[in-house]
Every structure is written in structure tokens, then in C-alpha cells.
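Grab a pencil and work through the exercises below. Try each task yourself before you read its solution.

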Amino acid sequence: MKHVTIIGPGNLGIALATGMQKNGYVVTLKCKDEQQVIEKQQQFPECTFTEINEDATSDAHVIIFAVQPKDLEETIADMDGHIWEEHIIISVVAGITINSIKKFLRLPNPHIYRAMPNTASAIGQSMTAISTGTKQKYVQELFKSIGSVVCIDELQFPQFTVLSGSGVAIALKFIRAYMQAGIQAGFNEHTSLELAREVLIGAGNLVREKQQHPEVLIDAVTTPNGCTITTLLEMDSRGFTSSLVNAIEKGISKAKLL
Ligand SMILES: NC(=O)c1ccc[n+]([C@@H]2O[C@H](COP(=O)([O-])OP(=O)(O)OC[C@H]3O[C@@H](n4cnc5c(N)ncnc54)[C@H](OP(=O)(O)O)[C@@H]3O)[C@@H](O)[C@H]2O)c1
């Protein structure tokens with residue numbers, strides 16, 4: 001049995017635990033205090049929580065830090081003496097470098113990785129980046145249990161943070177806008193949401209299964225002088241692509257400042 005401890009029972013910590021548990025990992029979530037254990041246990045009865053450092057780390061092969069960036073240094077200090085060189089340490093915390101984590105840990109040769117999953121991990125569909133290193137295969141396997149994994153240079157984490165970490169929210173914003181188009185076209189809210197959701201899922205699965213460039217798939221459904229080309233040209237003339245690219249660029253600039 002592979003034991004994973006997640007420090008921080010927040011949105012991402014719970015999503016990771018849910019996904020990993022479904023794939024045979026034994027997961028413990030470490031809370032701040034007893035009161036948080038009681039609250040979280042009521043909310044998520046399928047998960048295991050503790051506030052005791054020793055219970056959290058003594059059997060763990062992997063320790064994942066999933067707290068807010070401002071809380072990471074103090075959280076690591078609170079766990080002094082309970083994290084060893086044998087542990088594989090993974091941080092999903094945005095903006096904190098491996099070098100900083102090394103300083104917080106004060107261990108001679110720790111195995112530290114950064115990972116950037118997203119909340120689709122709860123349903124096994126996260127797109128996760130991990131940093132490279134000697135235990136990379138092990139870390140890759142762990143995150144494959146919650147979706148797809150790519151290994152990237154640590155310097156590319158701000159870009160990936162926005163493209164994947166924020167990516168779910170960006171795609172949801174698209175779904176919301178598409179839904180509004182459905183309502184404007186006369187469908188009710190329920191039908192419009194179903195329509196927007198299924199179109200996005202269908203398009204994603206088509207790209208995945210056909211392994212083709214989106215432009216090839218677009219050409220296949222664009223009749224000369226038809227309604228699809230009219231709609232697509234209107235989207236472009238209103239700056240759809242540049243507005244998305246610029247927004248993501250702005251998000252990346254912000255991520256670099258975190
Ligand atoms: N959410 C995402 O989709 C996403 C995606 C990629 C990366 N991330 C990164 O993942 C991290 C967590 O994000 P999140 O959205 O899950 O944040 P969150 O919901 O605020 O969760 C953080 C959790 O950690 C708890 N905590 C604080 N100090 C602790 C300690 N010493 N011991 C144990 N638990 C402690 C917090 O408790 P209190 O609330 O009581 O303080 C809270 O429950 C962030 O650094 C974020 O950058 C998030």
C-alpha cells in the first residue's frame with residue numbers, strides 16, 4: 001500500500017485525496033487543529049483527517065503540501081522533526097520555488113518536487129505538471145492516478161499555473177458565455193448549460209481520440225458560405241483568440257509575481 005499525506009484539507013487537498021483514494025492510495029489529510037478535523041470529517045466522511053504530525057507522516061511515502069503560499073513556511077516549521085529525507089516531498093503551492101522549500105525544510109538531501117494539478121483531479125481528469133528529478137517516475141505515477149501528467153522545467157511553472165491551474169476556471173467561463181448564447185437563442189437555462197457542457201466535452205474528446213489538429217477538425221465541419229464559417233469569422237473579428245491569449249499572458253505575468 002502506498003501512503004500519501006496531504007497537508008492542507010482545502011479545495012485542492014480534498015480533490016487530490018478523492019482522486020488518489022479512488023486509485024488505491026491510502027491518503028491522510030493533515031489539518032491545522034482538532035476543530036478543523038471535526039468540521040472536515042463531517043463534510044467529507046469518505047476521507048481520513050488528523051491534526052497530529054506523527055500520525056500524518058510516520059507511514060507516509062509521500063507528503064504533499066497543499067496550503068496557501070503565505071502559510072507554507074510556518075506549516076513546514078510546525079512539522080519539524082516529522083519530515084525525513086526518505087519522504088518524497090511534493091508542493092502544489094503556486095509560486096514557491098524548490099530552493100525556498102529546501103530552505104524551509106532544513107534537511108541535507110530532501111527529494112522535493114513541484115506539481116501543478118487542477119481541481120478536475122477529484123474526477124480523475126486533472127492536467128498536472130511535475131518538475132523533473134530522480135524520483136520523477138514515482139511522482140508521475142502518483143499524479144497519473146488523477147489524470148494526465150507532463151514533466152516540465154521548474155521555470156515554466158508560472159505559465160502552467162495559469163494554463164492548467166486556472167485553466168478549469170477559464171474553460172468554465174467559456175461554458176458560461178456559451179450558455180448565455182443558448183439562452184439568448186431561446187433555450188432555457190438547463191438546456192443551455194447541458195448544451196454548452198456537452199459541446200465542450202465532445203470537442204475535447206474529439207481532439208483526444210482523433211489526435212488531429214483543431215484546424216483540421218474545424219475544416220471538416222465548415223461548409224462554404226455556411227453558418228459555421230460565418231460564426232467563426234465573427235468570433236475572430238471580435239478578437240476571440242487575441243483576447244484569450246492576452247488574458248492568459250496577463251495571468252502568467254501575475255503568476256510570476258506570486
Ligand atoms: N485550487 C486550485 O485549483 C489550485 C490549483 C493549483 C494549485 N493550487 C495551490 O494549492 C494550494 C491550496 O489551494 P486551495 O485552493 O486548496 O486553498 P485552500 O482551499 O485555502 O486550502 C488550504 C488549506 O490549508 C489549511 N491549512 C493552513 N495552514 C495549515 C497547516 N499548518 N496545517 C494543515 N492545514 C493548513 C487551510 O485551513 P484554513 O482555511 O483554516 O486556514 C485550508 O484548509 C495553494 O497554494 C494554491 O496555490 C490550487
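**Exercise 1: A glycine in a loop**

Task: decide whether Gly186 is buried or exposed.

Solution. Start with the neighbour count: Gly186 has 8 other C-beta atoms within 10 Å. Next, recall the cut-off, where 12 or fewer means exposed. So Gly186 is exposed. Keep in mind that this is a predicted model. As for its place in the chain, Gly186 sits in the loop between helix H8 (167-184) and helix H9 (189-210). From there, its C-alpha atom is separated by 27 Å from that of Leu206, 20 residues apart along the chain.

**Exercise 2: Two unusual phi angles**

Task: find out what is unusual about phi in Arg106 and in Asn225.

Solution. First, the background: most residues other than glycine have a negative phi. Now check Arg106: its phi is positive, about 55°, although it is not a glycine. Asn225 isn't a glycine either, and its phi is near 60°, a positive value.

Then locate them. Arg106 lies in the loop between helix H5 (98-105) and strand E6 (111-116), while Asn225 lies in the loop between helix H10 (214-220) and helix H11 (227-237). Last, count neighbours: Arg106 has 11 other C-beta atoms within 10 Å, so it is exposed. Asn225 has 6 C-beta neighbours inside 10 Å, so it counts as exposed.

**Exercise 3: Around the ligand**

Task: work out how many residues surround the ligand and which element gives the largest share.

Solution. The shell has 26 residues, and Gly8, Gly10, Leu12, Ala94 and Gly165 are the closest. Helix H1 (11-22) and helix H4 (72-78) each give two or more. H1 gives the largest share, three residues. Sorted by class, you get 12 nonpolar, 10 polar and four charged residues.

Key
Residues numbered from 1 in each chain as written. Predicted model: local features only at pLDDT ≥ 70, side-chain atom pairs only at ≥ 80, totals over all residues. Near = placed C-beta within 6 Å. Helix = DSSP H or I, 4+ residues; strand = E, 2+ residues; numbered from the N terminus. Nonpolar A, V, L, I, M, F, W, Y, C, P; charged D, E, K, R; others polar. Buried ≥ 20, exposed ≤ 12 C-beta atoms within 10 Å, placed from the backbone.
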